[in-house]
Amino acid sequence: MEGDPVILKSNGFPTYHLACVVIDHHMGISHVLRGSEWLVSTSKHLLLYQALGWQPPRFAHLPLLLNRDGSKLSKRQGDVCCRRLPADALLDINTNCGSGFAENQMGRTLPELITQFDLTRITCHSALLDLEKLPEFNKLHLRQLVSDETQRRQLVGKLQALVEEAFGSQPQDRHVLDAACVERIIPLRQGHICRLQDLVSPAHSYLWTRPAVGRAQLGAISERVDVIAKHVLGLLEGAGMNLTQDMLNGELKKLSEGLEGTKHSKVLKLLRVAFSRQLQGPPVAEMTLSLGPKEVRERIQKVLSS
(Lines give C-alpha, C1' and ligand atoms only; values in the text may rest on other atoms or scores of the structure.)
Protein backbone atom coordinates (compact mmCIF):
# COMPACT_ATOMS: atom_id res chain seq x y z
CA MET A 1 0.00 0.00 0.00
CA GLU A 2 1.20 3.53 -0.80
CA GLY A 3 2.29 5.60 2.16
CA ASP A 4 0.13 8.44 3.51
CA PRO A 5 -2.46 8.53 0.68
CA VAL A 6 -4.30 11.83 0.18
CA ILE A 7 -7.93 11.52 1.29
CA LEU A 8 -8.86 15.22 1.45
CA LYS A 9 -7.70 17.75 -1.14
CA SER A 10 -6.48 21.24 -0.28
CA ASN A 11 -9.74 22.68 -1.61
CA GLY A 12 -11.70 20.67 0.93
CA PHE A 13 -13.05 18.07 -1.48
CA PRO A 14 -12.52 14.41 -0.61
CA THR A 15 -10.68 12.05 -2.91
CA TYR A 16 -12.45 8.95 -4.23
CA HIS A 17 -11.00 6.79 -1.47
CA LEU A 18 -12.66 8.74 1.35
CA ALA A 19 -15.83 9.52 -0.61
CA CYS A 20 -16.61 5.91 -1.54
CA VAL A 21 -16.14 4.73 2.06
CA VAL A 22 -18.45 7.42 3.49
CA ILE A 23 -21.10 7.00 0.78
CA ASP A 24 -21.13 3.20 0.97
CA HIS A 25 -21.44 3.29 4.75
CA HIS A 26 -24.36 5.71 4.80
CA MET A 27 -26.11 3.83 1.98
CA GLY A 28 -25.86 0.62 3.96
CA ILE A 29 -23.84 -1.19 1.31
CA SER A 30 -23.14 -4.75 2.46
CA HIS A 31 -21.24 -6.13 -0.55
CA VAL A 32 -18.93 -4.43 -3.03
CA LEU A 33 -18.18 -6.17 -6.32
CA ARG A 34 -15.75 -4.20 -8.46
CA GLY A 35 -13.00 -4.58 -11.01
CA SER A 36 -9.68 -6.13 -10.08
CA GLU A 37 -7.86 -2.82 -10.72
CA TRP A 38 -9.29 -1.65 -7.37
CA LEU A 39 -7.73 -4.53 -5.45
CA VAL A 40 -4.66 -2.43 -4.63
CA SER A 41 -6.90 0.23 -3.00
CA THR A 42 -8.87 -2.17 -0.82
CA SER A 43 -6.39 -2.05 2.06
CA LYS A 44 -6.70 1.75 2.16
CA HIS A 45 -10.47 1.51 2.27
CA LEU A 46 -10.40 -1.09 5.04
CA LEU A 47 -8.12 1.16 7.13
CA LEU A 48 -10.51 4.08 6.61
CA TYR A 49 -13.43 1.94 7.80
CA GLN A 50 -11.37 0.98 10.85
CA ALA A 51 -10.38 4.60 11.57
CA LEU A 52 -14.01 5.73 11.35
CA GLY A 53 -15.21 2.86 13.55
CA TRP A 54 -17.48 1.41 10.86
CA GLN A 55 -18.10 -2.18 9.81
CA PRO A 56 -16.72 -2.63 6.28
CA PRO A 57 -18.73 -4.38 3.59
CA ARG A 58 -17.58 -7.62 2.00
CA PHE A 59 -15.36 -7.05 -1.02
CA ALA A 60 -15.01 -9.13 -4.16
CA HIS A 61 -12.85 -8.16 -7.12
CA LEU A 62 -13.86 -9.30 -10.57
CA PRO A 63 -11.75 -9.85 -13.68
CA LEU A 64 -11.95 -7.09 -16.27
CA LEU A 65 -13.59 -6.90 -19.65
CA LEU A 66 -10.91 -5.97 -22.17
CA ASN A 67 -10.78 -5.04 -25.83
CA ARG A 68 -10.03 -7.86 -28.28
CA ASP A 69 -6.36 -6.77 -28.31
CA GLY A 70 -6.16 -7.08 -24.52
CA SER A 71 -6.18 -3.33 -23.84
CA LYS A 72 -8.44 -1.86 -21.18
CA LEU A 73 -11.86 -0.57 -22.23
CA SER A 74 -11.88 3.20 -21.97
CA LYS A 75 -14.69 5.75 -22.20
CA ARG A 76 -12.14 8.45 -22.95
CA GLN A 77 -10.90 6.56 -25.99
CA GLY A 78 -14.43 5.87 -27.20
CA ASP A 79 -13.92 2.10 -27.30
CA VAL A 80 -17.61 1.28 -26.92
CA CYS A 81 -20.61 3.23 -28.14
CA CYS A 82 -23.84 1.83 -26.71
CA ARG A 83 -26.36 4.35 -28.03
CA ARG A 84 -29.67 2.81 -29.10
CA LEU A 85 -28.52 -0.72 -28.44
CA PRO A 86 -30.88 -3.09 -26.59
CA ALA A 87 -29.97 -3.24 -22.91
CA ASP A 88 -30.69 -6.98 -22.76
CA ALA A 89 -28.30 -7.65 -25.64
CA LEU A 90 -25.50 -5.62 -24.00
CA LEU A 91 -26.01 -7.43 -20.70
CA ASP A 92 -26.08 -10.78 -22.52
CA ILE A 93 -22.83 -10.26 -24.42
CA ASN A 94 -21.05 -9.00 -21.31
CA THR A 95 -22.04 -12.02 -19.24
CA ASN A 96 -21.36 -14.33 -22.18
CA CYS A 97 -17.80 -13.06 -22.55
CA GLY A 98 -17.17 -13.17 -18.81
CA SER A 99 -17.53 -15.93 -16.23
CA GLY A 100 -19.83 -16.87 -13.38
CA PHE A 101 -21.98 -19.35 -15.30
CA ALA A 102 -21.84 -23.08 -15.85
CA GLU A 103 -21.78 -22.61 -19.63
CA ASN A 104 -21.82 -19.89 -22.26
CA GLN A 105 -25.27 -19.38 -23.70
CA MET A 106 -26.62 -16.66 -25.94
CA GLY A 107 -30.05 -15.15 -25.43
CA ARG A 108 -30.38 -15.30 -21.65
CA THR A 109 -32.86 -12.89 -20.14
CA LEU A 110 -32.24 -10.96 -16.93
CA PRO A 111 -34.27 -13.40 -14.77
CA GLU A 112 -32.32 -16.31 -16.29
CA LEU A 113 -29.00 -14.56 -15.63
CA ILE A 114 -29.97 -13.96 -12.00
CA THR A 115 -31.00 -17.59 -11.54
CA GLN A 116 -27.94 -19.10 -13.21
CA PHE A 117 -25.23 -16.78 -11.85
CA ASP A 118 -22.81 -18.47 -9.45
CA LEU A 119 -20.17 -16.30 -7.77
CA THR A 120 -17.95 -19.33 -7.16
CA ARG A 121 -17.60 -19.74 -10.93
CA ILE A 122 -15.95 -16.34 -11.36
CA THR A 123 -12.44 -16.89 -12.68
CA CYS A 124 -9.33 -14.79 -12.19
CA HIS A 125 -8.81 -14.27 -15.91
CA SER A 126 -9.89 -11.11 -17.69
CA ALA A 127 -12.35 -11.56 -20.53
CA LEU A 128 -12.02 -10.23 -24.08
CA LEU A 129 -15.14 -8.38 -25.25
CA ASP A 130 -15.74 -9.27 -28.89
CA LEU A 131 -18.07 -6.52 -30.08
CA GLU A 132 -18.15 -8.01 -33.58
CA LYS A 133 -20.58 -10.55 -32.09
CA LEU A 134 -22.92 -7.82 -30.81
CA PRO A 135 -25.13 -7.76 -33.96
CA GLU A 136 -25.93 -11.44 -33.45
CA PHE A 137 -26.86 -10.83 -29.82
CA ASN A 138 -29.01 -7.87 -30.89
CA LYS A 139 -30.72 -10.00 -33.53
CA LEU A 140 -31.48 -12.75 -31.04
CA HIS A 141 -32.93 -10.42 -28.42
CA LEU A 142 -34.98 -8.59 -31.02
CA ARG A 143 -36.57 -11.90 -32.00
CA GLN A 144 -37.42 -12.53 -28.36
CA LEU A 145 -39.13 -9.14 -28.16
CA VAL A 146 -41.09 -9.82 -31.34
CA SER A 147 -42.34 -13.15 -29.98
CA ASP A 148 -43.90 -11.41 -26.97
CA GLU A 149 -47.19 -9.68 -27.84
CA THR A 150 -46.80 -6.84 -25.35
CA GLN A 151 -43.20 -6.19 -26.32
CA ARG A 152 -44.09 -6.39 -30.01
CA ARG A 153 -46.68 -3.64 -29.60
CA GLN A 154 -44.05 -1.48 -27.96
CA LEU A 155 -41.73 -2.14 -30.91
CA VAL A 156 -44.49 -1.02 -33.27
CA GLY A 157 -44.78 2.30 -31.46
CA LYS A 158 -41.01 2.81 -31.51
CA LEU A 159 -40.80 1.98 -35.21
CA GLN A 160 -43.63 4.38 -36.04
CA ALA A 161 -41.69 7.13 -34.25
CA LEU A 162 -38.49 6.20 -36.10
CA VAL A 163 -40.28 6.35 -39.46
CA GLU A 164 -41.75 9.75 -38.65
CA GLU A 165 -38.32 10.98 -37.61
CA ALA A 166 -36.53 9.57 -40.67
CA PHE A 167 -39.06 10.31 -43.41
CA GLY A 168 -41.36 13.00 -42.02
CA SER A 169 -44.10 13.72 -44.55
CA GLN A 170 -42.53 11.64 -47.35
CA PRO A 171 -44.91 8.65 -47.10
CA GLN A 172 -47.58 9.51 -49.69
CA ASP A 173 -50.12 7.16 -48.16
CA ARG A 174 -50.19 7.40 -44.39
CA HIS A 175 -51.72 3.94 -44.07
CA VAL A 176 -48.18 2.51 -44.15
CA LEU A 177 -47.80 3.89 -40.62
CA ASP A 178 -50.90 2.14 -39.33
CA ALA A 179 -50.12 -0.16 -36.42
CA ALA A 180 -51.38 -3.19 -38.35
CA CYS A 181 -49.06 -2.46 -41.30
CA VAL A 182 -46.04 -1.83 -39.10
CA GLU A 183 -46.73 -4.93 -37.00
CA ARG A 184 -46.87 -7.02 -40.17
CA ILE A 185 -43.41 -5.86 -41.25
CA ILE A 186 -41.45 -6.49 -38.04
CA PRO A 187 -41.94 -10.30 -37.82
CA LEU A 188 -41.13 -10.69 -41.54
CA ARG A 189 -37.80 -8.93 -41.12
CA GLN A 190 -36.81 -10.47 -37.78
CA GLY A 191 -33.74 -12.60 -38.18
CA HIS A 192 -32.47 -10.24 -40.89
CA ILE A 193 -32.12 -7.03 -38.89
CA CYS A 194 -30.04 -6.40 -35.78
CA ARG A 195 -31.76 -3.23 -34.60
CA LEU A 196 -35.15 -1.65 -35.10
CA GLN A 197 -33.33 1.33 -36.64
CA ASP A 198 -32.31 -0.91 -39.54
CA LEU A 199 -35.89 -0.73 -40.82
CA VAL A 200 -35.51 2.99 -41.59
CA SER A 201 -32.17 2.58 -43.38
CA PRO A 202 -31.97 3.37 -47.13
CA ALA A 203 -32.23 -0.36 -47.90
CA HIS A 204 -35.70 -0.42 -46.30
CA SER A 205 -36.94 2.99 -47.40
CA TYR A 206 -39.27 1.31 -49.94
CA LEU A 207 -41.42 0.18 -47.00
CA TRP A 208 -42.37 3.78 -46.20
CA THR A 209 -42.05 5.74 -49.46
CA ARG A 210 -43.11 4.89 -53.00
CA PRO A 211 -40.13 4.83 -55.35
CA ALA A 212 -40.19 6.71 -58.64
CA VAL A 213 -40.15 3.87 -61.17
CA GLY A 214 -41.15 4.26 -64.83
CA ARG A 215 -42.34 1.74 -67.39
CA ALA A 216 -39.18 2.28 -69.44
CA GLN A 217 -37.03 1.25 -66.49
CA LEU A 218 -38.95 -2.03 -66.15
CA GLY A 219 -39.06 -2.50 -69.91
CA ALA A 220 -35.28 -2.62 -69.93
CA ILE A 221 -35.52 -5.70 -67.70
CA SER A 222 -38.29 -7.51 -69.59
CA GLU A 223 -40.64 -6.72 -72.46
CA ARG A 224 -43.41 -8.59 -70.63
CA VAL A 225 -44.08 -5.78 -68.14
CA ASP A 226 -47.83 -5.70 -68.75
CA VAL A 227 -48.25 -9.46 -68.63
CA ILE A 228 -46.29 -9.84 -65.41
CA ALA A 229 -47.95 -6.86 -63.75
CA LYS A 230 -51.50 -7.96 -64.65
CA HIS A 231 -50.82 -11.51 -63.46
CA VAL A 232 -49.60 -10.24 -60.08
CA LEU A 233 -52.59 -7.91 -59.79
CA GLY A 234 -54.92 -10.83 -60.50
CA LEU A 235 -53.12 -12.95 -57.94
CA LEU A 236 -53.54 -10.29 -55.28
CA GLU A 237 -57.21 -9.81 -56.09
CA GLY A 238 -57.93 -13.54 -55.87
CA ALA A 239 -55.95 -14.42 -52.77
CA GLY A 240 -56.64 -11.32 -50.71
CA MET A 241 -54.93 -11.38 -47.30
CA ASN A 242 -54.50 -15.17 -47.24
CA LEU A 243 -51.22 -15.15 -49.15
CA THR A 244 -48.10 -16.71 -47.67
CA GLN A 245 -44.51 -16.53 -48.86
CA ASP A 246 -44.63 -20.13 -50.04
CA MET A 247 -47.83 -19.50 -51.99
CA LEU A 248 -46.39 -16.40 -53.61
CA ASN A 249 -43.14 -18.12 -54.51
CA GLY A 250 -45.09 -20.93 -56.12
CA GLU A 251 -47.35 -18.59 -58.11
CA LEU A 252 -44.44 -16.48 -59.31
CA LYS A 253 -42.63 -19.63 -60.39
CA LYS A 254 -45.69 -20.70 -62.40
CA LEU A 255 -45.83 -17.25 -63.97
CA SER A 256 -42.23 -17.50 -65.09
CA GLU A 257 -42.74 -20.97 -66.53
CA GLY A 258 -45.67 -19.66 -68.59
CA LEU A 259 -43.60 -16.85 -70.13
CA GLU A 260 -41.56 -18.43 -72.88
CA GLY A 261 -38.11 -16.91 -73.12
CA THR A 262 -38.38 -15.09 -69.78
CA LYS A 263 -36.22 -16.34 -66.93
CA HIS A 264 -37.62 -16.55 -63.42
CA SER A 265 -34.81 -14.29 -62.22
CA LYS A 266 -35.97 -11.61 -64.68
CA VAL A 267 -39.51 -11.75 -63.31
CA LEU A 268 -38.27 -11.35 -59.74
CA LYS A 269 -35.90 -8.55 -60.73
CA LEU A 270 -38.68 -6.66 -62.47
CA LEU A 271 -40.99 -6.92 -59.47
CA ARG A 272 -38.25 -5.97 -57.03
CA VAL A 273 -37.48 -2.81 -59.02
CA ALA A 274 -41.20 -2.01 -59.35
CA PHE A 275 -41.69 -2.33 -55.59
CA SER A 276 -38.49 -0.70 -54.36
CA ARG A 277 -36.32 0.59 -57.25
CA GLN A 278 -33.59 -1.61 -55.82
CA LEU A 279 -31.71 -4.44 -57.48
CA GLN A 280 -31.09 -6.25 -54.20
CA GLY A 281 -33.10 -6.75 -51.06
CA PRO A 282 -35.48 -9.17 -49.33
CA PRO A 283 -37.19 -11.92 -51.36
CA VAL A 284 -39.91 -10.55 -53.62
CA ALA A 285 -42.54 -12.67 -51.87
CA GLU A 286 -41.57 -11.15 -48.54
CA MET A 287 -41.58 -7.63 -50.00
CA THR A 288 -45.11 -8.28 -51.30
CA LEU A 289 -46.35 -9.37 -47.88
CA SER A 290 -44.54 -6.52 -46.11
CA LEU A 291 -46.12 -3.89 -48.34
CA GLY A 292 -49.51 -5.60 -48.33
CA PRO A 293 -51.88 -6.18 -51.27
CA LYS A 294 -53.25 -2.62 -51.30
CA GLU A 295 -49.84 -0.95 -51.50
CA VAL A 296 -48.51 -3.44 -54.07
CA ARG A 297 -51.52 -2.78 -56.32
CA GLU A 298 -50.96 0.97 -55.99
CA ARG A 299 -47.33 0.66 -57.03
CA ILE A 300 -47.98 -1.65 -59.96
CA GLN A 301 -50.83 0.52 -61.27
CA LYS A 302 -48.65 3.60 -60.92
CA VAL A 303 -45.98 1.98 -63.10
CA LEU A 304 -48.50 0.84 -65.71
CA SER A 305 -49.94 4.33 -65.99
CA SER A 306 -46.57 6.07 -66.26
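This passage describes the salt bridges, the aromatic pairs, the largest pocket and two residue environments of a predicted model.

Side chains of opposite charge can pair when their charged atoms come close. In the predicted model, the count of such salt bridges comes to 13, and several of them serve to show the settings in which these pairs are found. One of them joins Glu149 and Arg153, whose side chains meet with an N to O distance of 2.6 Å. Both residues belong to helix α6, which spans residues 149-167, and because they are 4 residues apart in that helix, about one helical turn separates them. With regard to the surface, Glu149 has a relative accessibility of 44% and is therefore classed as partly exposed, while Arg153, at 54%, passes the limit of over 50% and so counts as exposed.

Another salt bridge is formed by Arg189 and Glu286, with 2.5 Å from N to O. This pair links distant parts of the chain, since Arg189 lies in helix α7 (residues 179-189) and Glu286 lies in helix α12 (residues 284-304), with their positions 97 residues apart in the numbering. Arg189 has a relative accessible area of 8% and is buried, and Glu286 is likewise buried, with a relative accessible area of 3%; both values fall under the 20% that sets the limit for a buried residue. Salt bridges with shared partners also occur, and they join Arg68, Asp130 and Glu132 into one network.

A further salt bridge connects Asp118 with Arg121, where the closest N and O atoms are 3.8 Å apart, a distance that satisfies the rule of a nitrogen within 4 Å of a carboxyl oxygen. Asp118 has a relative accessible area of 27% and is partly exposed, and Arg121, with a relative accessibility of 41%, is also partly exposed.

A pair of aromatic rings is described by the distance of the centres and the angle of the planes. The count of aromatic pairs in the model comes to 2. In the pair of Tyr16 and Trp38, the ring centres are 4.7 Å apart and the planes meet at 35°, so the arrangement is classed as tilted. Tyr16 is located in helix α1 (residues 16-26), whereas Trp38 is located in the loop between β1 (31-35) and α2, so that the pair ties together parts of the chain that are 22 residues apart in sequence. Tyr16 is partly exposed, at 43% relative accessibility, and Trp38 is partly exposed as well, at 28%.

The pair of Phe101 and Phe117 has ring centres 5.8 Å apart and planes at 65°, and it is therefore edge-to-face. Here Phe101 lies in the loop between α3 and α4, and Phe117 lies in the loop between α4 and β4 (127-128), so the pair ties together parts that are 16 residues apart in sequence. Phe101 is buried, with a relative accessibility of 12%, whereas Phe117 is partly exposed, with a value of 37%.

The loop between α3 and α4 also contains Ser99. When neighbours within four places in sequence are left aside, Ser99 is in contact with Pro63, Phe117, Arg121, Ile122 and Thr123. For Ser99 and Thr123, which are 24 residues apart along the chain, the C-alpha atoms are separated by 6.3 Å.

A second residue environment is that of His45, which is found in helix α2 (residues 42-52). His45 has a relative accessibility of 0% and therefore counts as buried. Apart from residues up to four places away in sequence, His45 touches Tyr16, His17, Cys20, Val21 and Arg34, and Tyr16 in this list is also a partner in the tilted aromatic pair.

The largest pocket of the model has a volume of about 570 Å³. Its lining is made up of 23 residues, and those that lie nearest the centre of the pocket are Leu62, Pro63, Leu65, Asn94 and Thr95. The elements that give two or more residues to this lining are β3 (65-66), α3 (87-97) and α4 (110-116), and among the contributors α3 gives the most, with 4 residues. By residue type, the lining of the largest pocket divides into 15 nonpolar, 6 polar and 2 charged residues.

Notes:
Residues numbered from 1 in each chain as written. Predicted model: local features only at pLDDT ≥ 70, side-chain atom pairs only at ≥ 80, totals over all residues. Heavy atoms only, no water. Buried < 20%, exposed > 50% of the residue type's maximum accessible area, 1.4 Å probe, protein only. 1 Å grid on protein atoms, 1.4 Å probe; cavity = no way out; pocket = protein on both sides within 12 Å on 5 of 7 lines; lining within 4 Å. Points joined across faces, edges and corners; volume = space filled by probe spheres on them. Nonpolar A, V, L, I, M, F, W, Y, C, P; charged D, E, K, R; others polar. Contact = heavy atoms within 4.5 Å. Phe/Tyr/Trp six-rings, centres within 6.5 Å; stacked < 30°, edge-to-face > 60°.
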